[in-house]
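Reader: I am new to reading structures, and I would like to go through the places where a ligand can be held. Could we take them one at a time?

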Amino acid sequence: MSRTYAIIAEHRDGKLRQVTLEALQAAQIALPEGGRITAIIMGSQVDSLADELAAYPFADIHLIEHDSLRHYHPEAYLAALAGVLDTIRPDAVFIGHTAVGRDLAPAIAAKLKAGQLSDVIAAESSGEGILFTRPVYAGKAFEKKRFTDFPWAVTIRPNNFPAVRTAGGAKAPIVKIAYSPPPTLRSVVKDVVLKTSGKVDLTEAKIVVSGGRGVKSADGFKPLEELAEVLNGAVGASRGACDAGYCDYALQIGQTGKVVTPEIYIACGISGAIQHLAGMSQSRIIIAINKDPEAPIFKMADYGIVGDLFEVVPLLTREFRKV
Ligand code: FAD
């Protein structure tokens, strides 16, 4: 039987989020032969993004556009999706393991009476079903889950699947879906306060420069910000640094913060507590800078620099500027 998978496309600041194209890769791996993948994009003034999506190998793009969808709202987004989900009856839905995806995926699963799996980092397809891998116990173990039946919804951890490239050739057709907001919503989005760690989104950054209590003050983050800027990366932090008031909690990485999987993670003045490792241990390369040679972070690091971060970080920035 031919299957239809749906990708919920995410965007921010007028740009498609990379995780959408990574979710497409995961869907392509998991799609049985003869299946089709459709994209759904919602928002206000997103027709240019729908057009951009159409260049990727989707069967079609469903565009739901309305001023009231400018900011993510759980009830409104689910109401907007309801009609299109009823029409296409997807066998599987993929969305990024982002703040929006984590909120929306269980609601979609409930609507479709589907199974749901979060934080997927690998997918395999075989005659016995689709096998997904995800980290459990704060990254200390991996769980493999096989879906042998449909439907289901999964969230994809950013930076774990390569993003699909544009297909070239004919563009996918765009289907405009009419939407009128429900007359009453139980909540209202009054304001959206953005707290970022620079130009690059922390969860999607290829390079993260993170500071811990060792940075000693809010000003102590400045050398880290400079290094991140030179490397086109984002700044993160340990909870130790957030609790001490050196930075905003939006930067916190770990069990109770954000989970990141960059290509390079540079931990500066971070001891390496298990709760911090839970948020970054899947990074491809970990570099630790710590003045204590016994710091536990060195057990996890691929490269360790024993030294004072206030000497090492500016030195790295100077050298990378030359490249
Ligand atoms: P510290 O452990 O104090 O380490 C500071 C490090 O800086 C030391 O290793 C020191 O040698 C080094 N240093 C000092 N000065 C310099 C210098 N000049 N140059 C180089 N190195 C220097 N933590 C998280 O990070 N994320 C979480 O999500 C999280 N969730 C938690 C949830 C629970 C339920 C609990 C109980 C704890 C959680 N924690 C979390 C806290 C965690 O246990 C640690 O307390 C925290 O990670 C420590 O932060 P730190 O490494 O910055 O500080």
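Author: Let us begin with a term: a polar contact is a pair of N or O atoms within 3.5 Å. Please keep in mind that the model is predicted.

Reader: Which residue has a polar backbone atom 3.0 Å from an oxygen atom of the ligand?

Author: A pair of this kind counts as a polar contact if its atoms are within 3.5 Å. An oxygen atom of the ligand lies 3.0 Å from such a backbone atom, and the residue that provides it is Gln255.

Reader: How far is an oxygen atom of the ligand from an N or O atom in the side chain of Ser271?

Author: Ser271 is listed among the closest of the 26 residues that surround the ligand. Here the partner is an N or O atom of the side chain, and its distance from a ligand oxygen atom is 2.6 Å. Of the 980 Å² of accessible area that the ligand has on its own, the protein covers 76%.

Reader: Which pocket does the ligand sit in?

Author: The largest pocket holds about 1,500 Å³ of space, while the volume of the second largest is about 440 Å³. Among the residues closest to the centre of the latter are Arg213, Ser238 and Ser271, and these three also belong to the closest residues around the ligand. The ligand sits in the second largest pocket.

Reader: How many residues of the shell around the ligand are polar?

Author: Helices α6, α7 and α9 each supply at least two residues of this shell. Divided by class, the shell has 5 nonpolar and 6 charged residues, and the number of polar ones is 15.

Key. Residues numbered from 1 in each chain as written. Predicted model: local features only at pLDDT ≥ 70, side-chain atom pairs only at ≥ 80, totals over all residues. Heavy atoms only, no water. Near = heavy atom within 4 Å. Polar contact = N/O pair within 3.5 Å; in protein donor to acceptor, adjacent residues only side chain to side chain. Areas by Shrake-Rupley, 256 points an atom, 1.4 Å probe, with all protein chains shown as cover. 1 Å grid on protein atoms, 1.4 Å probe; cavity = no way out; pocket = protein on both sides within 12 Å on 5 of 7 lines; lining within 4 Å. Sits in = over half its atoms within 2 Å of the grid points. Helix = DSSP H or I, 4+ residues; strand = E, 2+ residues; numbered from the N terminus. Nonpolar A, V, L, I, M, F, W, Y, C, P; charged D, E, K, R; others polar. Points joined across faces, edges and corners; volume = space filled by probe spheres on them.
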